[in-house]
Amino acid sequence: MQTQEHQFSPSNINIIGPDHYAKNGYPHAEWAYLRRHKPVFWCEWPHTDPFWAITKHADIVQISKQPKLFINSKRLLVFVPDQRSDEEPVPPFRHLLNMDPPEHGDYRTIVSRRFTPRAVRELQPEIERVTREVLDKLVGRTECDFVIDISSKIPLAVIAELLGVPHQDWDRLFRWTNQVIGGGDPEFQEGGSQDETFDQARMELFNYFTEMVNKRIKNPTNDITSIVANSTVNGGPMPQFEMLSYYLLLVVAGNETTRNATTGGLQALIENPEQFRRLQKDPSLIKTAVEEIVRWTSPVIQFTRTATEDTEIRGQKIRAGESLCLFYPSANRDEEVFEDSFKFDVGRTPNPHVAFGIGEHFCLGANLARLELEVIYRQLMERLEYAELNGPIERLRSSFVGGIKHMPIKFKLKPAVQ
Ligand code: HEM
């Protein structure tokens, strides 16, 4: 990628405006400029409190590995509302991502054994079955919206199964995810502002899981809803607000992210046809290809930490109470860590990307996401005879998750080998 650095100056850098993401995708040229000239950059933007933009891989690693010096609970992300609110925003949820040690660890261990590599492997036959079913429906067709017809279906089915949500309610889960993550996008707003859309979806999801919790307390099953519903923290039952927030996190975190990695992965393969052919010819590359897809797409744009004491990063003084916004996709193009960082290379090794974060809050679902992507891409590579873009990609209006809402493709799929 050619970076036209001359066009930037600290006063015109836009790395946080959601419209910018909807229109242009990730601001890679801006991030490259910052990595080189202002890796710890003070950013002021309308309607949100100022923050330090952290764009280098080493700095994100260092900050994430010190969860007492850099905490999550004060500010989870740089949220950019359409209008300034004078009130201090109070997050309407309390889950792993906005908890700090030691409480964070107590909550995380409640479900972590369901996400170990071994536990996740047990889901493989089911993920394979769901993926085959999704692809079988498209045999004979020549055009589709890859997001609606393929990439959104599989993560949704997997998380719904894990939570024990019956099939007839999956559409609702899909809508809530879109509205929680994409409440700032007109396509997902329902008669209200970003805040109202988010709140409405959150309340519906809370009500839905309240009913499920009541059933699971009476009749526990093996699903994650039961485990959380019947768990104890600090010697007592988990408080209701934290419990419902746990479900909100699991539904939302596992859906949109994997969907966008899947979509962005196919886009990258279409745009790099030699890598497409290479992976099709050599399926043993599937694991490195999945890592590269996750690095390349980096579906989570940012999370934020707040310094608890005065400190320094790269010689820059950071005061207690100031927040630092960690831009994962920038770290994943860091020229100091990745050779030829703007090349999409399905055989890339090593690939120490931080798309799943690192340290205390490292993505709980990383093993699951990797397995889903492995299954999807294995089947796609076996069955996809060709694929090309069939119209413009539509991106989500969000500076939190780099979503692709629609990706029309022309394609040909072979029937599954029995
Ligand atoms: C490609 C897909 C995914 C990406 C890129 C992704 C990315 C991330 C990132 C960046 C974090 C924060 C890490 C940090 O602060 O250091 C995170 C946390 C988390 N993710 Fe994922 N994620 C993905 C899939 C999933 C899936 C499938 C689940 C399953 C439910 C999941 C559940 C979670 C949870 C529960 C957390 C909070 C962990 C904590 O705070 O301890 N994620 N993820």
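Let's start with a single cysteine: Cys144 has a relative accessibility of 8%, so it counts as buried (that label means under 20% relative accessible area, while exposed means over 50% and partly exposed is anything in between, with a 1.4 Å probe and protein chains only). Before going on, a word about what you're looking at: this is a predicted model, in which local features need pLDDT of at least 70 and side-chain atom pairs count only at pLDDT 80 or more, while totals for chains, interfaces and linings use all residues. Residues are numbered from 1 along each chain as its sequence is written, and side-chain values use heavy atoms, with hydrogens and water left out.

Staying with cysteines, how many disulfides does a search of the whole structure find? It finds zero, where a disulfide would be a pair of cysteine sulfur atoms within 2.5 Å. Take Cys43, which is in no disulfide: the nearest cysteine sulfur belongs to Cys325 and is 8.2 Å away. Cys43 is also buried, at a relative accessible area of 4%.

Both of those cysteines lead us into the sheet. Helices (H or I, at least four residues) and strands (E, at least two) are DSSP runs, numbered from the N terminus, and two strands pair if DSSP finds at least two bridges between them. Five strands form an open sheet here, with mixed pairing, in the order β1-β2-β10-β7-β3. The edges are taken by β1 and β3 (70-71), each with a single partner strand, so one side of each has no neighbour in the sheet.

Walk across it from the β1 side. Strand β1 (residues 40-45) pairs with β2 in the antiparallel sense, over five bridges. Cys43 has Phe51 in β2 as its bridge partner. The hairpin of β1 and β2 has two residues between the strands, and in it His47 takes a positive phi near 70 degrees. Next, β2 pairs with strand β10 (residues 323-327), this time in the parallel sense and over three bridges. Here Ala53 has Cys325 in β10 as its bridge partner. Strand β2 (residues 48-54) is largely enclosed by the rest of the structure, because five of its seven residues are buried. Towards the β3 edge, two bridges join β3 to strand β7 (residues 302-307), and that pair runs antiparallel. Phe70 stands opposite Ala307 in β7.

Now for the iron. Which protein residue is the single donor to the iron atom of the ligand? That's Cys363, through its SG atom, 2.3 Å away. Donors here are N, O and S atoms within 2.8 Å of the metal (3.2 Å for Na, K and Ca), and water is not among the atoms, so sites may look incomplete. Cys363 lies in the loop between α15 and α16.

Cys363 also turns up around Arg108, a residue of helix α4 (residues 103-112). Leaving aside neighbours within four places in sequence, Arg108 is in contact with Leu96, Tyr246, Glu360, His361, Phe362, Cys363 and Leu364, contact meaning heavy atoms within 4.5 Å. Arg108 is buried yet has no salt bridge, and the nearest side chain of opposite charge, Glu360, is 7.2 Å away. For charges, Lys and Arg count as positive and Asp and Glu as negative, with His and the chain ends not counted; a salt bridge needs a side-chain nitrogen of Lys or Arg within 4 Å of a carboxyl oxygen of Asp or Glu.

Elsewhere, salt bridges do form: a search of the whole structure finds 25. One of them joins Glu374 and Arg121, with the closest N and O atoms 3.9 Å apart. This pair links distant parts of the chain, 253 residues apart, with Glu374 in helix α16 (residues 366-383) and Arg121 in helix α5 (residues 117-121). Glu374 is buried at 8% relative accessible area, whereas Arg121 is partly exposed at 40%. Both belong to a salt-bridge network with Lys287 and Arg378.

Another salt bridge runs between Glu292 and Arg348, whose closest N and O atoms are 3.1 Å apart. Glu292 lies in helix α14 (residues 286-297) and Arg348 in the loop between α15 (328-331) and α16, so the pair ties together parts that are 56 residues apart in sequence. Glu292 is buried at 0% relative accessibility, and Arg348 is buried at 7%.
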